[in-house]
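Q: Please take a close look at the sheet in this model. I would like a connected account of how its strands are arranged and of the surroundings of selected residues.

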Amino acid sequence: MTSTADRRAGGACPHCGWPDHAEPFQVVSRHTTAAGVTVWTRCGCGSLQMRVVDATGLRIVSRSRPADPALTSSRFCER
Ligand SMILES: [Zn+2]
């Protein structure tokens with residue numbers, strides 16, 4: 001399989017290659033804001049993503065690393 005995937009829509013998960021424009025593996029939560037809709041999704045590899053959907057389309061704002069048994073939610077907030 002060659003990687004001639006259509007990347008115009010913004011890209012794919014760097015960890016497993018799940019296309020950003022595809023259906024999310026799992027929707028964790030969804031919040032409507034003044035600017036649009038913020039959606040937290042979990043990728044097939046376990047990476048948590050924060051997506052913003054607004055008038056300009058879909059953006060991936062933040063992406064965590066894939067699920068790691070050593071870090072299971074204990075370092076979720078790294079600030
Ligand atoms: Zn992934």
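A: **The sheet and two of its residues**

V28 is located in strand β1; strands here are DSSP runs of E with at least two residues, numbered from the N terminus. The model is a predicted one, in which local features need pLDDT of at least 70, side-chain atom pairs count only at pLDDT 80 or more, and totals for chains, interfaces and linings use all residues. Residue numbers start from 1 along each chain as its sequence is written.

V28 counts as exposed because it has 12 C-beta neighbours inside 10 Å. By definition, a residue is exposed if 12 or fewer other C-beta atoms lie within 10 Å of its own, buried if there are 20 or more, and partly exposed in between, with C-beta atoms placed from the backbone. V28 touches W40, T41 and R42, leaving aside residues up to four places away in sequence; contact requires that the C-beta atoms of two residues, placed from the backbone, lie within 7 Å. From C-alpha to C-alpha, V28 and T41 are 5.0 Å apart in space, although 13 residues apart in sequence.

The strand that holds V28, β1, belongs to an open sheet of 4 strands in the order β1-β2-β3-β4, with antiparallel pairing. Two strands pair if DSSP finds at least two bridges between them. The edge strands, each pairing on one side only, are β1 (26-32) and β4 (57-63). From one strand to the next, the twist averages 25°; the underlying axes are lines fitted to C-alpha atoms, and angles run from 0 to 180 degrees between N-to-C directions.

Strand β2 (residues 37-42) is joined to the antiparallel strand β3 (residues 48-54) by 6 bridges. Across this pairing, T38 stands opposite V52, and V39 stands opposite R51. The two strands form a hairpin with 5 residues between them, and G46 in the turn has a positive phi of about 105°.

G46 therefore lies in the loop between β2 and β3, and is partly exposed, since 17 other C-beta atoms are within 10 Å. Its contacts, not counting residues up to four places away in sequence, are P66 and A67. The C-alpha atoms of G46 and A67 are separated by 4.5 Å, with the two residues 21 apart along the chain.

On the other side of the hairpin, β3 runs antiparallel to β4, and 6 bridges join them. M50 has S62 in β4 as its bridge partner. A hairpin through 2 residues connects β3 to β4.
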